[in-house]
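Trainee: I should like to learn how to read a structural model feature by feature. Might we work through one together?

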Amino acid sequence: MDGSTLEDMRAALRGPVIGPTDPEYDRARTIYNAMIDRRPAALVRCSDAADVMAAVDFVRDRGLELAVRGGGHSGAGLCVVDDAVTIDLSPMRWARVDPVARTARVGGGSQLGDLDHAAHAFGLATPAGIMSTTGVGGLTLGGGHGHLTRKYGLTIDNLIAADVVLADGSFVTASESQHPDLFWALRGGGGNFGIVTSFRFRLHPVGDVVVAVTVWPVDLTRDVLRWYRDFLPQAPDDLNGFFAALTVPPGPPFPEEIHGQKMCGVVWCWTGDPDEAEKALAAVNEPGPPAFHFTAPMPYPALQTMFDELIPTGLQWYWRGDFFDRITDDAIDVHAKYAENLPTDLSTMHLYPVDGAAARVDQEDTAWGYRDAVWSGVIGGIDPDPDNAGTIRQWCVDYWEELHPHSMGGGYVNFLGEGESHSRVKATYRDHYARLTRIKNAYDPGNLFHANQNIAPAP
């Protein structure tokens, strides 16, 4: 992009346009995953929906490449593309709660912490992720699961409406009654259909929750997983717990004697009567004595920030994921093998439950293709040192390739890693893919929004 085009863009937009020679360029192009080092032609920090409309028109009319950044958490780095224009929604970061209607409107550049903070003041929340720094937009458009999923469903199950800028620069609101086909596609179809400038969510009563963290020695991984696969699906919806392979971090709440040890564990969230939490978690001794078990009541936003400092912006990341309707004995052997050989202190594997309330939504109601899944798994190679990037990537790929035959065939779209094939996108949506291509054809026939896990228009 030459200087005159940059100046024309600056004249057309209210928000700042940052080019490669501007002093803030390197900081502006930096995202959560430090393994991604790309150089956009420009980054446009849109101040409002009108700016987004103008930016889309400008990019489309000049035949430029386009990417969209919400919270900048894309593991595959899809929000920045070499020589493209990134439409950056980060200035559109706000959350407004209607406590009477129990709803929240959230700006397209917001992070989960913005929504959690605003809603908690009224004793409310909606299921969305496990880290406050995650972008609301990317998480929601991919489907969204978190600590409240078994109780209140996926994030998309609580989406009421979305304001969207389309590929032709027009602005629409999508809901069950307005553009229902677009609304269906937005609930799980990713950023393929437009740029969402604001979301409206349904909120639920959630004040303080009881949080527990249980870890066992890594040599108990097989016993713990066999117990976990049977225990959690039968537990009340008030109990959520994601399984993890981990190296115990050096800090509270963990005692010093287990710091740095490889272990397996579960992070629990209980939304029921606090007095019933101990009873709900009484079974944690069944697979073997835990090395550590911690329980405490805390505000829901505090739970959402528990991992923020442990996994901050600027680390090397590579991840892959799959859905599972069962955890077979053969899969458990794979998990145990790789849990014992975590390549770095931050590398991990998580199994997030997506049953309970999420499984009671009809398969055809949203673009999410796996209502019959019980777990959404992700393998994450993570480390601060760029010299270890190849090591963590290879560990992740090897782990995934051994585990994938025991999966349902597709994975959560937000957990697809950089460079995965288009067949993986199709597997993510299963029978919904054909319908999504037809909706893409209606709203983005030129595939302007293709810097994503792309769904191409139907021929």
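**Reading the helices, sheet and cores**

Mentor: Let us begin with a helix and its surroundings. The buried residues of helix α13 pack against β16 (316-324), α12 (389-403) and α14. Please bear in mind throughout that this is a predicted model.

Trainee: Which residues of helix α13 (residues 422-429) are buried?

Mentor: Residues count as buried when their relative accessible area is under 20%. In α13 these are Arg424, Val425, Thr428 and Tyr429. Because they cover an arc of only 130° around the axis, they lie on the same side of α13.

Trainee: What follows α13?

Mentor: The residue after this helix is arginine 430, and its phi is positive, near 50°.

Trainee: Where do the buried residues of helix α1 (residues 3-12) fall, seen down its axis?

Mentor: The approach is the one we used for α13. Thr5, Leu6 and Met9 are the buried residues here. They fall within an arc of 100° seen down the axis of α1, so they line one face of the helix. The elements that cover them include β1, β2, α3 and β4.

Trainee: Several of those are strands. In what order do the four strands of the open sheet lie?

Mentor: To read a sheet, one establishes the strand order, then the edges, then the sense of each pairing. Here the order is β1-β2-β4-β3, and the pairing is mixed. At the edges are β1 (17-18) and β3 (66-69), each of which pairs on one side only.

Trainee: Which residues stand opposite each other in this sheet?

Mentor: Let us take the pairings in turn. Strands β1 and β2 pair in the antiparallel sense over two bridges, and valine 17 stands opposite valine 44 in β2. Strand β2 (residues 42-45) runs parallel to β4 (residues 85-88), and four bridges join them. Within β4, isoleucine 87 is the bridge partner of valine 44, while aspartate 88 stands opposite arginine 45.

Trainee: Which helix packs on the sheet, and which strands does it touch?

Mentor: That is helix α3 (residues 49-61), which touches β2, β3 and β4. The direction of α3 makes about 170° with that of β4.

Trainee: Is methionine 53, in helix α3, buried, partly exposed or exposed?

Mentor: Here the cut-offs matter: partly exposed lies between 20% and 50% relative accessible area. Methionine 53 is partly exposed because its relative accessible area is 27%. Leaving aside neighbours within four places in sequence, methionine 53 is in contact with Val165, Gly169 and Phe171. Methionine 53 and alanine 167 are 114 residues apart in sequence, with their C-alpha atoms 8.9 Å apart in space.

Trainee: What do strands β8 and β9 form?

Mentor: They form a hairpin with five residues between them. Five bridges join β8 (residues 159-165) to β9 (residues 171-175), and the two strands run antiparallel. One bridge pairs valine 165 with phenylalanine 171 in β9. In the turn, glycine 169 has a positive phi of about 85°.

Trainee: How should one read a nonpolar core, and which members of the largest one touch the most other members?

Mentor: One looks for the members with many partners, then for the elements that supply them. The largest core has 63 residues, of which Val164, Leu182, Leu186, Phe193 and Leu436 touch the most other members. Helix α7 (residues 180-186) supplies the largest share, five residues. A second, separate core of 44 residues includes Ala212, Trp216, Leu232 and Leu281.

Trainee: What is leucine 186 in contact with?

Mentor: Apart from neighbours within four places in sequence, its contacts are Thr140, Leu141, Ala162, Val164, Ala174, Phe193 and Val196.

Trainee: Is lysine 440, in helix α14 (residues 433-443), buried or exposed?

Mentor: Lysine 440 counts as buried because its relative accessibility is 0%. Beyond neighbours within four places in sequence, the contacts of lysine 440 include Asn192, Phe193, Asn447, Phe449 and Asn454.

Trainee: Which residues does UniProt list for "domain: FAD-binding PCMH-type"?

Mentor: The UniProt record, an unreviewed entry, lists residues 36-206 under that name. Over this range the model is 23% helix and 26% strand, and the end C-alpha atoms are 36 Å apart.

Definitions and conventions: Residues are numbered from 1 along each chain as its sequence is written. This is a predicted model: local features need pLDDT of at least 70, side-chain atom pairs count only at pLDDT 80 or more; totals for chains, interfaces and linings use all residues. Side-chain values use heavy atoms; hydrogens and water are left out. A nonpolar core is a set of buried Ala, Val, Leu, Ile, Met, Phe, Trp, Tyr and Cys residues joined through side-chain atoms within 4.5 Å. Buried means under 20% relative accessible area, exposed over 50%, partly exposed in between (1.4 Å probe, protein chains only). Contact means heavy atoms within 4.5 Å. Two strands pair if DSSP finds at least two bridges between them. Axes are lines fitted to C-alpha atoms, for helices over the stretch in contact, and angles run from 0 to 180 degrees between N-to-C directions. UniProt positions are given in the numbering used here, feature names are shortened, and annotations may be inferred rather than shown by experiment. The arc is that of the directions from the helix axis to the C-beta atoms.
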